[in-house]
Amino acid sequence: MKYTRAKILSNKKIVDGIYEMVVAEDSIVKPGQFYMLKHQGGTLLPRPISISESKDGKIIFVYATVGKGTQEFATLTENDYIDLTGPLGNGFDIDRKYGNVALVAGGIGIAPMVMLARELRKRNKGMKLDLYAGFRDEIYLTNEMCEYINEGYVSTNTGKYGHHGFITDILKVDEYDTVLCCGPEVMMKKVVEMCKMHGVQVFVSMEKHMACGVGACLVCTCKTKDGNKRTCKDGPVFDGNYVEL
């Protein structure tokens, strides 16, 4: 982990409410990790943003403008600077033997799946690696994953693209050995229940409000079989059978 002021190389809107920020940063990162981002002169507390990609001395963040802090990020432009703390957290174990894998994402939960898909494919070119991604209306980042996955399935709440409904409606967990999941908690709870029913191992990336990102403030605690754990320090990735959703 380190603290740095990173130069913004680009910051653009992908679809309404979703932005992609590229910064100059060459730290070694793992899929599922995140940074705490803060704009000097902006809100008091930094915001946790997951890493979508890391390559060629650049970190790519994809974030949703859901509050004052992220709305401030959206106003930044090329050659501005942003304060970074990270990389933080325990990401997905990319060296684990997963067998055939389904990546399940809901909304902005697709962001860490790009790098995760790339790293999994790099380690096992013959594995079955499919994407199930659910969105409200507009879709994003699915094209960036095409070269790594075998099949991609999309759903939208409005029916604009793919299946009209929830991504869990079309998820076939029994076809996989492992499910790796990130998105709204209600979606992940359903995915974990489906995996338990079919004896499929499942890992979830938790999303919680955070103040420090290093385990000191205890704002981001989540319930597990062993009591409360810090999402930022003990997670954000947990065994789906261990965390209580």
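# How the labels in this model are earned

Q: Where is proline 236 found?
A: Proline 236 sits in the loop between helix H4 (231-234) and strand S15 (237-239). Helices (H or I, at least four residues) and strands (E, at least two) are DSSP runs, numbered from the N terminus.

Q: What should a newcomer know about the model and its numbering?
A: This is a predicted model, with residues numbered from 1 along each chain as its sequence is written. Local features need pLDDT of at least 70 and side-chain atom pairs pLDDT 80 or more, while totals for chains, interfaces and linings use all residues; side-chain values use heavy atoms, leaving out hydrogens and water.

Q: How do you know that the peptide bond joining glycine 235 and proline 236 is cis?
A: Look at omega. It is about 10° for this bond, which is listed as cis. The bond from glycine 86 to proline 87 is also cis, with omega near 0°. Proline 87 belongs to strand S6 (residues 81-88).

Q: How many helices and strands does the chain have?
A: The chain has four helices and 15 strands.

Q: What makes the radius of gyration agree with a compact globule?
A: The rule is 2.2 Å times the number of residues to the power 0.38, and the radius is taken over C-alpha atoms. For 245 residues the rule gives a value near 18 Å; the chain has 17 Å, so the two agree. The C-alpha atoms fill a box of roughly 50 × 40 × 35 Å along the principal axes.

Q: Why is glutamate 53 counted as buried?
A: Buried means under 20% relative accessible area, exposed means over 50%, and partly exposed is in between (1.4 Å probe, protein chains only). Glutamate 53 has 5%, so it counts as buried. Of the 245 residues of the chain, 51% earn that label.

Q: What makes the link between the side chains of glutamate 53 and arginine 118 a polar contact?
A: A polar contact is a pair of N or O atoms within 3.5 Å. Within protein, one atom must be able to donate a hydrogen and the other to accept it; residues adjacent in sequence count only if both atoms are side-chain atoms. The pair here lies at 2.7 Å, so it passes the cut-off.

Q: Which residues touch glutamate 53 in strand S4 (residues 47-55)?
A: Contact means heavy atoms within 4.5 Å. Leaving aside neighbours within four places in sequence, glutamate 53 contacts Lys58, Ile59, Ile60, Val114, Met115, Arg118 and Tyr148.

Q: Why is arginine 123 called partly exposed?
A: Its relative accessible area is 39%, so it falls between the two cut-offs. Arginine 123 is in helix H2 (residues 113-123). Beyond residues up to four places away in sequence, it touches Ile94 and Asp95. A polar contact of 2.9 Å joins the side chains of arginine 123 and aspartate 95.

Q: Are leucine 141 and leucine 218 buried or exposed?
A: Leucine 141 has a relative accessibility of 6%, so it is buried. Leucine 218 has 52%, so it is exposed. Leucine 141 lies in the loop between strand S8 (129-135) and strand S9 (151-156). Its phi is positive, about 70°, although it is not a glycine. Leucine 218 also has a positive phi, about 65°.

Q: How do you know that the length of helix H3 (residues 185-198) agrees with its expected span?
A: The expected span is 1.5 Å times one less than the number of residues. For the 14 residues of H3 that comes to 20 Å; the end C-alpha atoms are 20 Å apart, so the two agree.

Q: Why are the buried residues of H3 said to line one face of the helix?
A: Met187, Met188, Val191, Val192, Met194 and Cys195 are buried. Seen down the axis, the buried residues fall within an arc of 165°, so they line one face. The arc is that of the directions from the helix axis to the C-beta atoms. An α-helix has 3.6 residues a turn, so residues three or four places apart point the same way.

Q: What do the two sides of H3 meet or carry?
A: The buried residues pack against strand S7 (101-106), strand S11 (178-182) and strand S12 (201-205). The face turned away carries the exposed residues Val186, Lys196 and Met197. Glycine 199 follows the helix, with a positive phi near 65°.
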